[in-house]
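Biologist: Before I accept any labels, I would like to see the model and hear the reasoning behind each term.

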Amino acid sequence: MKTIFMLGLVLPCIALAQQPSKVTPQQFVNLQEGDIVHKGFRRAHAKGICISGEFLSNGSLTKYTHAKVFEKGSTPFIGRFSIAGSNPSAPDLKAPVRSMALSFATSATQQWRVAMNTPPVMAVSDPHTFYQQIIAIKAGPEAIQKFFKDHPESQDFLNWKSSYQPSGSFAAETYNSINAFYLINEQDEKQAVRWHMRPTLTATPEGLKGEDALQQELQQRLAKEDIVFDWVYTLATEADNENDPARAWPNSRQQITAGQLVIRDWQFQLKGECHSINYDPLVLPEGIEPTADPILRARSGAYAESYRRRAREVLNGALEANSNE
Ligand code: HEM
């Protein structure tokens with residue numbers, strides 16, 4: 001008994017000291033979910049709200065991609081606004097990152113899942129260093145300051161962070177792909193791109209209060225009006241490394257607005273369709289391909305592991321008591 005107790009204390013220390021050179025999806029999700037497991041919920045971005053509407057494409061990307069979503073016309077989506085973190089009851093206004101996820105299904109086989117965050121870049125370039133960054137975040141302010149000092153590649157992220165002012169609405173944030181992808185056209189030519197959702201809302205409420213302030217603001221806004229974003233694509237040049245999500249691309253790069261994302265409705269996440277969707281960034285339609293960015297592979301594996309855990313817990317009845325979250 002005594003030996004088992006001792007081992008329990010020693011093993012986590014060994015795990016921290018010998019950080020794996022290749023982080024597995026299980027290790028990521030163990031670290032992200034932490035000591036208090038919220039059964040049935042996502043292990044990251046656990047607090048969210050389902051949204052739905054349509055993307056109105058203006059056809060201006062068809063020169064670069066034959067993805068059906070970008071033909072001139074409308075495609076419905078099921079999406080989700082969320083805040084970063086593993087607590088499904090966390091206060092909305094304290095989260096450092098806000099997010100938007102989208103799922104398009106143009107046919108039974110052509111699906112596209114998109115998950116975007118408010119920063120335009122990551123602080124790090126590879127999964128192993130991201131794992132160390134999460135350890136530092138969990139260890140507290142001194143550890144994360146030291147982490148940034150030891151990782152000069154964080155500079156573009158820190159520049160964004162120092163100028164970022166959170167708004168009073170999910171509808172007024174800019175959401176970024178961060179990772180780059182290739183657009184593929186009919187001639188099989190490829191163009192590396194990043195994208196962002198640019199809000200059309202300029203003024204937002206101030207003095208919001210309450211744990212669910214952003215969700216309530218969204219519900220009240222959608223009762224009065226649709227929420228509209230411009231979907232803006234940035235084209236890389238040969239000077240940009242599309243495999244490095246920590247490096248910002250210069251502002252001078254060509255940008256193309258592909259159309260407008262129109263959000264018309266919302267649902268509580270446990271009652272809505274978004275809860276059972278895995279917004280894996282490697283679920284891509286024809287006409288869009290992943291770059292070699294290693295973070296994309298790590299994301300795909302971790303989202304699947306988180307999804308597997310929460311789906312099994314839901315089957316076992318974990319969420320029956322709280323259907324209004
Ligand atoms: C190695 C890096 C990353 C890891 C390990 C990771 C891990 C995770 C996990 C485990 C989930 C929960 C998935 C689920 O249960 O459905 C999640 C959700 C999410 N992640 Fe990441 N993530 C990473 C990087 C990123 C980046 C770069 C972005 C932004 C571009 C991002 C945006 C999101 C969003 C928006 C969600 C919530 C999606 C939803 O509403 O279901 N993540 N992440």
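**Cavity, ligand shell and pocket**

Modeller: In this predicted model, the largest cavity is lined by Trp112, Arg113, Val114, Ala115, Met116, Ser177, Phe181, Trp195, Pro281 and Arg299.

Biologist: What makes Trp112 a lining residue of the largest cavity?

Modeller: A lining residue has an atom within 4 Å of a point of the space. Trp112 is listed in the lining of the largest cavity, so Trp112 has such an atom.

Biologist: Why is this space called a cavity, and what is its volume?

Modeller: A 1.4 Å probe fits there but cannot get out, and therefore the term is cavity. About 40 Å³ of space lies in the largest cavity, and the structure holds one cavity of 30 Å³ or more.

Biologist: Which element gives the largest share of that lining, and how does the lining divide by class?

Modeller: E4 gives the largest share, five residues. By class, the lining of the largest cavity has seven nonpolar, one polar and two charged residues. Arg113 and Arg299 are in the lining, and they count as charged because Arg belongs to that class.

Biologist: How do you know that Ser306 makes a polar contact with the ligand?

Modeller: An N or O atom in the Ser306 side chain is 2.5 Å from an oxygen atom of the ligand. The limit for a pair of N or O atoms is 3.5 Å, so this pair qualifies. For Arg310, a polar side-chain atom lies 2.8 Å from a ligand oxygen atom, and therefore that pair qualifies too.

Biologist: What makes the His45 pair a polar contact?

Modeller: A polar side-chain atom of His45 lies 3.4 Å from a nitrogen atom of the ligand, and the cut-off is 3.5 Å, so the pair counts. Helix H2 (25-33), strand E3 (98-105), strand E4 (111-117) and helix H7 (294-315) are the elements that give two or more residues to the ligand shell. H7 gives the most, with eight residues.

Biologist: How many residues surround the ligand, and of which classes?

Modeller: The ligand is surrounded by 26 residues, the closest being Arg42, Arg80, Tyr303, Ser306 and Arg310. The shell has 14 nonpolar, eight polar and four charged residues.

Biologist: Why is His45 called an active site?

Modeller: The label comes from an unreviewed UniProt entry, which lists His45 under "active site". Such annotations may be inferred rather than shown by experiment, so the label is quoted as a record only. In the model, His45 lies in the loop between H2 and strand E1 (47-57). Leaving aside residues up to four places away in sequence, His45 touches Arg80, Ser82, Ile83, Ala84, Gly85, Ser99 and Asn117.

Biologist: What makes the phi of His45 worth a note?

Modeller: The phi of His45 is near 55 degrees, a positive value in a residue other than glycine. Ile178, with phi near 60 degrees, is also a non-glycine residue with a positive value. Ile178 sits in the loop between strand E5 (175-176) and strand E6 (181-184).

Biologist: Why is the second largest pocket not called a cavity?

Modeller: A pocket is an open set of points, whereas the probe cannot get out of a cavity, so the two terms are kept apart. About 630 Å³ of space lies in the second largest pocket. The lining has 25 residues, and Pro120, Trp160, Thr174, Asn176 and His196 are the closest to the pocket centre. H5 supplies the largest share of this lining, four residues.

Conventions:
Residues are numbered from 1 along each chain as its sequence is written. This is a predicted model: local features need pLDDT of at least 70, side-chain atom pairs count only at pLDDT 80 or more; totals for chains, interfaces and linings use all residues. Side-chain values use heavy atoms; hydrogens and water are left out. A residue is near a molecule or strand if one of its heavy atoms lies within 4 Å of it. A polar contact is a pair of N or O atoms within 3.5 Å; within protein, one must be able to donate a hydrogen and the other to accept it, and residues adjacent in sequence count only if both atoms are side-chain atoms. On a 1 Å grid over the protein atoms alone, a cavity is a set of points where a 1.4 Å probe fits but cannot get out, and a pocket is an open set with protein on both sides within 12 Å along at least five of seven lines; lining residues have an atom within 4 Å of a point. Grid points are joined across faces, edges and corners, and a volume is the space filled by probe spheres set on the points. Contact means heavy atoms within 4.5 Å.
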